[in-house]
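Colleague: I would like a close look at one part of this model. Please keep the steps short.

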Amino acid sequence: MSDPVHQPPSKAARYLFVLIAGLLIGVVATVMGMRAIQERQDHFPDSLMTVMAKQTALLGESQKQNRCSVNDTAPRLQTLRALSNDLEVAFPSLRDDERFKQHASRFRATLNDALAKPPADCAALAAISQKVGSDCKACHQDFR
């Protein structure tokens, strides 16, 4: 029997291997870099807005389901009011802006009024939800 001739790998195969390895290393390095940048970001402002939006949406769902009693709406309004205390903390760059202060103050005043006289029916809840929504929209128009 004769030994088969052993040929060294072609240059094209080596170049292809190096190219694929380089691409894989580049993808891994990019993902690691993006995760490092993401970890340095402050997630509190987005989280606060997400929770406030969810609470507002739950008020709307209560209204659609005709569950508008004080027991159904007061916890949502209390949560929104408690979260509104952190608006300046969540947006420190806007803390000294007079427009932002006015928007935050108006939003808290709306919630204080709603909690002082909680909605007893769906018509009252609709009015409060509309006022809360317009307060949010006004701030977002100025600062988004």
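Is Leu16 buried or exposed, or does Leu16 count as something in between? Please go on from there to the helices and the loop.

Modeller: Keep in mind that this is a predicted model. Leu16 has 48% relative accessibility. Buried would need under 20%, and exposed would need over 50%. Leu16 therefore counts as partly exposed.

Now place the residue. Leu16 sits in helix H1, which covers residues 11–40. Leu16 also helps to make a nonpolar patch on the surface. Its partners there are Leu19, Ile20, Leu23 and Leu24. The patch measures about 500 Å².

Next, the helix pairs. Two packed helices are described by the angle between their axes and the distance between the axes. Take H2 (residues 44–64) and H6 (residues 122–143). Their axes cross at roughly 155° and come within 10 Å. Angles over 145 degrees count as roughly antiparallel, so H2 is roughly antiparallel to H6. The crossing of H2 past H6 is left-handed.

Turn to H3 (residues 70–84) and H5 (residues 98–116). Here the packing angle is about 150°, and the axes are 10 Å apart. H3 and H5 are therefore roughly antiparallel to each other. H3 passes H5 in a crossing that is left-handed.

Last, the loop. Asn66 lies between H2 and H3. Its phi is positive, about 60°, although Asn66 is not a glycine. The relative accessible area of Asn66 is 59%, so Asn66 is exposed.

Definitions and conventions
Residues numbered from 1 in each chain as written. Predicted model: local features only at pLDDT ≥ 70, side-chain atom pairs only at ≥ 80, totals over all residues. Heavy atoms only, no water. Patch = residues over 30% accessible without salt bridge, like charges linked within 9 Å, V, L, I, M, F, W, Y side chains within 5 Å. Areas by Shrake-Rupley, 256 points an atom, 1.4 Å probe, with all protein chains shown as cover. Salt bridge = Lys/Arg side-chain N within 4 Å of Asp/Glu carboxyl O. Helix = DSSP H or I, 4+ residues; strand = E, 2+ residues; numbered from the N terminus. Buried < 20%, exposed > 50% of the residue type's maximum accessible area, 1.4 Å probe, protein only. Axes fitted to C-alpha atoms, helices over the stretch in contact; angles between N-to-C directions. Parallel < 35°, antiparallel > 145°, perpendicular 65-115°, else oblique. Left-handed = near helix turned anticlockwise from the far one by under 90°.
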